[in-house]
Amino acid sequence: MQDVTDLTFMRVLSRYGGADVYVTEYFRVHEVSVPDPWILRSIDENPTGRPVFAQMIGQDIEALVRTAKELLRHPVAGIDLNLGCPAPVVCKKEAGGGLLRNLPKVDRILGALRDAIPTRFTVKTRVGYDSPDEFPALLDVFRRHSIDALAIHGRTVVERYQTPVHPERIREAVETMPCPVIANGNVIDVPTGLAYHEQTAAAGLMIGRGAIRNPWLFDQLRAGFSGDPVPAPTCRDLLGYVRTLYEEIARDTSGFEPHLHVQRMKKTMVYVTQGHDPEFEYRLRRAKQPEEFHSICDAFLDHDEPMPPRPNENSRLFCGFSELKSGASQPPLPSPSSP
């Protein structure tokens, strides 16, 4: 998640269990770009002890190849290409999800990067630009290149985050791609994670927004998959997470300005407040100084009631996850020896 899941966030998240593999914020790539020094720090100073992939976004083939080679000089687990970002400013430049409207160019980019990257090369995509019906043609392009993993956000670009995901499309990729397929989108608690995995048979789950809201989510999912008791944090535990983030982000900020720091925290808190009393988000959006920020967080979180396990359905940031939990079980995948 750009401007949120940075070096500081990775360091804090790792204290709560963290992910098995991390992906950096994306390096914006164009004709005269150089790798962002702050994002490079999340590679060179990786505080998690886990592998980290360097993510690129752009459409200039020569610049993407050049940047990939520069990033490979750092301790990365591999290079990831973003073909999924739905931000209008990105798509307008025919980058991220905008590239899904130009499959011949996607084909050329993948070929050039595969030739240039001797280590792991992965791709993040959506199931189409306008319609999920575009997905089979997109898979045909991916199969022409020896990518090492494919992460799929189960919505189209135009759907952004405002619809249920399409698990049947991810399952289609699992059945036809020769590489591992990772399911992304709408994993906000253990039931949605288990259901998404069951319905797609994906090799793993990629989580962004859900983990910003709930840093225990990775450990909860590990427990859910193994059948162990699932950690149940309280609102006071969540308050500790917010305070830690506040302090760690402040420590990593040069030229610290209190009112600007509160504005920066709102980028994270907009996710954290989901599922709580709507007044929590309303008041935080209007906070200007640290004293206001902390007073509001204390008022809504300084108690031992369980943290709400999921955000509100059909909110501005989370939508359609109930369909995952209510989805019918899929038939088993055929074994390699099946006719």
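Two strands are taken to pair if DSSP finds at least two bridges between them. In this predicted model, strand E3 (residues 78-83) and strand E4 (residues 120-126) run parallel and are joined by six bridges. Within this pair, Gly-78 sits opposite Arg-120 of E4.

These two strands belong to a wider arrangement: an open sheet of seven strands, paired in parallel and ordered E1-E2-E3-E4-E5-E6-E7. The edges are formed by strand E1 (22-28) and strand E7 (204-206), and each has a single partner strand, so one side of each lacks a neighbour in the sheet. From one strand to the next, the twist averages 25 degrees.

Turning to the helices, a packed pair is described by the angle and the distance between the two axes. For helix H1 (residues 7-14) and helix H11 (residues 235-251), the angle is about 145 degrees and the axes lie 10 Å apart. Their crossing is right-handed. On the H1 side, Thr-8, Phe-9, Arg-11 and Val-12 make the contact, while H11 contributes Tyr-241, Thr-244, Leu-245, Glu-248, Ile-249 and Arg-251. By character, the residues of this contact comprise five nonpolar, two polar and three charged.

The loop between H1 and E1 holds a residue worth a look, Gly-18. Its relative accessible area is 0%, under the 20% cut-off, and therefore Gly-18 counts as buried. Beyond its neighbours within four places in sequence, Gly-18 is in contact with Leu-13, Arg-50, Phe-218 and Arg-222. Thr-48, 30 residues from Gly-18 in sequence, lies 7.8 Å from Gly-18 in space, C-alpha to C-alpha.

Note on methods: Residues numbered from 1 in each chain as written. Predicted model: local features only at pLDDT ≥ 70, side-chain atom pairs only at ≥ 80, totals over all residues. Heavy atoms only, no water. Axes fitted to C-alpha atoms, helices over the stretch in contact; angles between N-to-C directions. Helix = DSSP H or I, 4+ residues; strand = E, 2+ residues; numbered from the N terminus. Left-handed = near helix turned anticlockwise from the far one by under 90°. Contact = heavy atoms within 4.5 Å. Nonpolar A, V, L, I, M, F, W, Y, C, P; charged D, E, K, R; others polar. Buried < 20%, exposed > 50% of the residue type's maximum accessible area, 1.4 Å probe, protein only.
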